[in-house]
Amino acid sequence: MKRFQRGCLVLLIFLLATLPAIGDEAKSLYSKGRKAEDRQQYEEAYKFYKQAYDLHPEDIAYRSSFERTKFLAAASHVHRGQLLRDEGKLEEALKEFQLAAMTDPSSSIAQQEIRRTKTMIEKAKQPTTAPPAARAPQEGLGDLANIAGPVQLAPISQTPLTLKLAEDSKTIYETIGKLAGINVLFDPDYTPRRIRIELNGVSLEQALQVVALQSRTFWRAVTPNTIYIAQDTQQKRNEVEQQVLRTFYLSNFSTVSELQDVANLVRTILRVERVQQFPAQNAIVMRGTPDQVALAELLINNLDKSKSEVVVDVVLMQVNKTKLTQLGILYPFQGGTTNPSVTIKGVSNTGSTDSSSSSSTTNTTLNDLANLTARSFVVNIPTSNVAFLMSDSNTKIIQRPQMRSVDGQKATLKIGQRVPIALGTSSSTLTATALTQTQFQYQDVGVNLEMTPHIHANGEVSLKLSIEVSAIDSYQDIAGIKEPVIGQRKIEQEMRMRDGEVNLIGGMMELDDVQSMAGLPWISQVPVLKYLFGQGQKQKTDSSTVFALMPHLVRRLDVDDLNIKPVEIGTQNVIEVRRVSKMSAPVTPPTTVPSAAPTPSGVSSPQGAPRSEATGAGAATVASAPVPAPVSAAAASAAPAAAPTATAPASKASNTLGAVLSVDPPMVNQPTGATFAVNVVLNGGKNVFSVPVQIQYDPKVMQFVTVSNAGALSSDGAAVALVHRNDADRGLLQVSLMRPPGSNGINPAGPLFTLTFVAKAAGHGTISVGNSTLRDPNMASIEAVGSQAIVNIR
């Protein structure tokens with residue numbers, strides 16, 4: 001038991017000894033934080049204040065200092081991160097922004113800068129970004145979740161093609177539809193017109209847009225694989241174009257006037273009549289075409305952003321110095337407020353009629369001079385004033401408020417008191433006793449600061465300031481009412497500052513030097529005697545007020561590349577959106593080398609067989625992978641053409657598109673029973689040794705005859721082995737070309753081999769060359785893109 005008591009006693013003594021040490025440590029940390037804050041080293045100050053606060057969390061002074069410098073330390077990290085990002089050091093800048101977010105989790109600008117920097121890092125690593133995933137429908141909505149949105153055309157092949165046709169617009173639409181694998185419907189009132197188009201290196205969707213522009217038509221998606229063509233008139237657009245209903249919930253517009261401004265902007269820019277704001281839900285409801293709704297969404301997203309905010313540290317420093325010196329003797333006769341005076345009392349007349357005596361005092365006359373006595377005089381001598389005094393006062397006032405304001409909104413700071421000032425009096429005569437009432441107005445006296453910030457896109461802040469420092473100097477009696485006399489110093493100015501920049505506003509200084517001397521004439525000017533026969537006073541007053549302003553951005557306007565990107569919205573009369581086509585290869589058209597299909601031995605060229613020159617009616621070159629078999633539609637009729645003109649040099653195509661296997665000509669029109677030939681052309685191949693190709697054709701409308709070497713792989717004179725295998729039932733043909741073993745590769749440009757077919761039956765079919773893997777002499781892979789040709793048998 002004694003050991004336990006002894007242990008408790010030792011523990012108690014240890015705790016009593018360590019408590020003052022902990023208190024001294026917290027004070028020491030707090031003192032270090034104050035010194036670091038005075039040096040504007042806010043990060044160190046924050047660390048010291050936090051340690052002191054952790055030791056004594058109940059201390060309000062420690063907590064207030066810790067909370068105050070938390071924001072300043074985070075702002076310091078943000079500013080350093082912005083400098084690093086401007087220098088291109090994105091990783092280091094991201095660390096600084098993350099430190100700022102860890103220091104002050106409520107810092108909005110730190111979170112914004114983190115997202116912005118991460119986006120920049122991702123863009124630097126991967127230039128192209130995947131499109132955002134579609135939003136899943138919400139559960140529990142019943143039939144509402146089954147309401148379909150606007151119909152959009154399913155993605156079609158974006159492989160570049162070259163299309164040269166001179167036909168009526170209906171035939172051209174059907175041809176493009178077959179290439180794209182989509183259905184094409186026409187309005188009953190549609191009238192086709194003959195047009196001529198020459199398109200090089202465009203996608204199928206771009207080809208549809210060009211044909212619509214040239215034929216003065218428009219199309220809309222009916223199903224994901226069906227389009228509807230109509231004449232481009234306002235009446236037809238009103239009948240055919242679909243309407244979409246959309247509700248936009250705004251996050252940063254709250255007042256009715258702001259919602260009205262957004263609605264008017266959408267109505268004016270996009271020419272939408274049915275736009276209505278709903279202030280109760282802070283929403284805008286709109287009805288229009290899908291393109292109008294998409295543009296309205298883009299416009300609202302560009303505008304519905306959080307306003308920029310700034311916190312301004314205001315440091316008010318007031319210094320008042322007063323020195324007063326009084327020295328000398330002020331006699332009564334030296335112009336004081338009270339001079340010596342002599343008073344003569346009235347003469348007393350004493351009666352003897354009875355034993356009691358009475359006296360009366362009246363004004364003194366000349367007859368009374370004879371009765372004057374020593375008691376008749378009263379002499380008043382005022383006191384003299386001896387001054388030997390010196391006073392020196394020094395007053396310092398430092399105030400450090402913070403002002404936070406949204407961009408363009410005025411913020412007001414008032415420190416002081418409100419003083420009543422009489423405006424006037426009014427009297428009422430309706431009662432027996434007149435009632436007088438005085439009207440008062442209260443005026444703010446002290447430090448009044450008004451600030452209206454404007455935050456620029458580059459992070460600088462413009463401040464419109466009005467600073468007023470006032471105080472009551474004295475009081476003045478006006479009509480029986482004491483009115484205060486208010487001294488005022490005021491500054492109004494505008495300035496532009498950077499984030500974190502300190503600006504001192506001085507000039508509000510006052511210096512008074514007053515010297516006075518009261519005494520006998522001439523003697524009061526003698527250096528020593530003037531203090532024996534007079535009194536002097538010297539007073540110096542030095543008053544100065546200095547403001548220090550330091551802005552810190554809390555939130556910036558979050559503007560990305562999409563917000564400032566120009567967008568095409570159609571013409572003056574028609575609002576429509578042109579969506580960007582993602583080409584699978586650059587838009588440089590593939591090369592087509594003119595060639596004549598040689599006639600194999602034993603096969604005669606009947607009338608209408610392909611010739612070496614094009615007849616000019618129509619030709620199309622498609623550099624793409626095999627497209628699914630086109631849907632049933634009327635095929636385009638074009639005159640026979642054996643070989644189109646070369647659209648680009650072979651070297652240029654090889655540098656841009658890589659290896660491309662194309663069919664020459666891409667469109668064949670033959671009567672039943674005719675023999676025709678097509679070439680398979682390789683462009684862009686480098687160091688090619690062998691070419692294995694798989695070809696799909698329609699066995700119902702055409703019959704394969706033979707294949708022959710066209711010479712592109714043997715242009716250097718080497719003997720090339722040509723092997724083929726044909727499956728007539730399936731319409732599948734496999735062809736392989738190989739150079740001699742041990743030979744080098746070659747850069748072929750032109751037709752590799754020629755395929756000969758016989759038009760079997762009337763109909764429409766295709767000859768498709770699939771994507772192939774070529775080989776170099778080391779058997780390394782060379783990927784080649786295939787294509788297809790359209791065959792019309794009449």
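Let me begin with the surface, where Trp522, Ile523, Val526, Leu529, Leu532 and Phe533 form a nonpolar patch with about 560 Å² of accessible area together. Please keep in mind, as we go through this, that we are looking at a predicted model.

If you look for tryptophan 522, you will find this residue in the loop between strand 18 and strand 19, the latter covering residues 534–555. Is tryptophan 522 buried or exposed? Its relative accessible area is 73%, and because anything over 50% counts as exposed, tryptophan 522 is placed in the exposed class.

Let me turn now to the charged patches, beginning with the negative one, which is formed by Asp473, Glu510, Asp512 and Asp513. Which element supplies the largest share of this negative patch? That is strand 18, running over residues 503–519, which contributes three residues. Aspartate 512 is a residue of strand 18, and with a relative accessible area of 31% aspartate 512 is partly exposed. For membership of a patch the relative accessible area has to be over 30%, so the 31% of aspartate 512 meets that particular requirement.

The positive charges gather in a patch on the surface as well, and the residues there are Lys321, Lys323, Lys538 and Lys540. Here two strands take part, since strand 9, residues 309–330, and strand 19 each supply at least two residues of the positive patch. Lysine 321 belongs to strand 9, and its relative accessible area of 42% makes lysine 321 partly exposed.

After these surface patches, I would like to move to a part of the model that is mostly covered, namely strand 5, residues 226–231, where five of the six residues are buried. Which strands are joined to strand 5, and in which direction do they run? On the one hand, strand 2, residues 183–186, runs parallel to strand 5 and is joined to it by four bridges, with leucine 185 standing opposite tyrosine 228 of strand 5. On the other hand, strand 4, residues 217–223, runs antiparallel to strand 5, and six bridges join the two. In that antiparallel pairing, threonine 217 stands opposite glutamine 231 of strand 5, and the connection from strand 4 to strand 5 is a hairpin that passes through two residues.

To close, then, we have gone from a nonpolar patch that includes the exposed tryptophan 522, by way of a negative patch and a positive patch, to strand 5, which is mostly covered.

How values were computed. Residues numbered from 1 in each chain as written. Predicted model: local features only at pLDDT ≥ 70, side-chain atom pairs only at ≥ 80, totals over all residues. Heavy atoms only, no water. Patch = residues over 30% accessible without salt bridge, like charges linked within 9 Å, V, L, I, M, F, W, Y side chains within 5 Å. Areas by Shrake-Rupley, 256 points an atom, 1.4 Å probe, with all protein chains shown as cover. Salt bridge = Lys/Arg side-chain N within 4 Å of Asp/Glu carboxyl O. Lys, Arg positive; Asp, Glu negative; His and termini not counted. Charge placed at Lys NZ, Arg CZ, Asp CG, Glu CD. Buried < 20%, exposed > 50% of the residue type's maximum accessible area, 1.4 Å probe, protein only. Pairing = 2+ DSSP bridges.
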